[in-house]
Amino acid sequence: MKTCIACGMPMEDISDFAANDPSKDYCVHCSRPDGEMQSFEEKEENLTKFIVMTQGFDESVARKIAEDMMRKLPAWKKYFD
């Protein structure tokens with residue numbers, strides 16, 4: 001089982017992978033419609049919105065949570081060095 005390098009989601013089924021491509025290291029939730037990985041800014045914005053929607057945090061708190069999560073993931077390491 002692979003884990004998404006951009007959000008940490010376990011990718012078990014082919015539908016979990018970007019563009020249904022198991023050679024990709026990122027999941028369907030971290031890809032654009034063309035199958036390419038979202039940029040740092042896109043992922044940060046989408047993750048912030050997801051946290052607000054699912055957990056009810058204020059946007060500024062949700063952004064901090066998103067950044068703390070992203071800091072630990074391989075895809076975003078260079079943004080926090």
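This report walks through the fold, a few chosen residues and the largest pocket of one protein chain.

Keep in mind that this is a predicted model, where local features need pLDDT of at least 70, side-chain atom pairs count only at pLDDT 80 or more, and totals for chains, interfaces and linings use all residues. Residues are numbered from 1 along each chain as its sequence is written, and side-chain values use heavy atoms, with hydrogens and water left out.

**The overall picture**

Let's start with the fold. You'll find two helices and two strands in the chain, and reading along the sequence gives the pattern β-β-α-α. The chain has a radius of gyration of 13 Å, close to the 12 Å that the globule rule gives for 81 residues, so it is as compact as a globular protein of that length. (That radius is taken over C-alpha atoms, and the rule is 2.2 Å times the number of residues to the power 0.38.) Helices here are DSSP runs of H or I with at least four residues, strands are runs of E with at least two, and both are numbered from the N terminus.

Picture a box of roughly 35 × 30 × 25 Å along the principal axes: the C-alpha atoms of the chain fill it. Of the 81 residues, 31% count as buried. Buried means under 20% relative accessible area, exposed means over 50%, and partly exposed is in between, using a 1.4 Å probe and protein chains only. The chain exposes about 5,100 Å², with carbon and sulfur atoms supplying 54% of that; the areas come from the Shrake-Rupley method with a 1.4 Å probe, and for residues only the protein chains shown count as cover.

What about contacts, meaning heavy atoms within 4.5 Å? Among those between residues at least 6 apart in sequence, 22% join residues at least 24 apart.

**Four residues to look at**

| Residue | Place | Relative accessible area |
|---|---|---|
| Ala 19 | loop between β2 (10–11) and α1 | 55%, exposed |
| Asn 20 | loop between β2 and α1 | 47%, partly exposed |
| Phe 40 | helix α1 | 10%, buried |
| Glu 44 | helix α1 | 10%, buried |

In the loop, Ala 19 has a phi near 55°, a positive value in a residue other than glycine. Asn 20 also has its phi near 55°.

Now for the helix. Setting aside neighbours within four places in sequence, Phe 40 touches Met 70, Trp 76, Tyr 79 and Phe 80. Its C-alpha atom is separated by 13 Å from that of Tyr 26, which is 14 residues away along the chain. With the same kind of neighbours left out, Glu 44 is in contact with Arg 63, Ala 66, Glu 67 and Met 70. Met 70 is thus a contact of Phe 40 and of Glu 44.

**The largest pocket**

A pocket is an open set of points on a 1 Å grid over the protein atoms alone, where a 1.4 Å probe fits, with protein on both sides within 12 Å along at least five of seven lines; lining residues have an atom within 4 Å of a point. The largest one has a volume of about 220 Å³, that is, the space filled by probe spheres set on the points.

Which helix gives the largest share of the lining? Helix α1 (residues 40–55) does, with six residues. The lining includes Cys 7, His 29, Lys 43, Phe 50 and Met 69. By type, the lining has six nonpolar residues, three polar and one charged. Here Ala, Val, Leu, Ile, Met, Phe, Trp, Tyr, Cys and Pro count as nonpolar, Asp, Glu, Lys and Arg as charged, and the others, Gly among them, as polar.

Terms used: Contact = heavy atoms within 4.5 Å.
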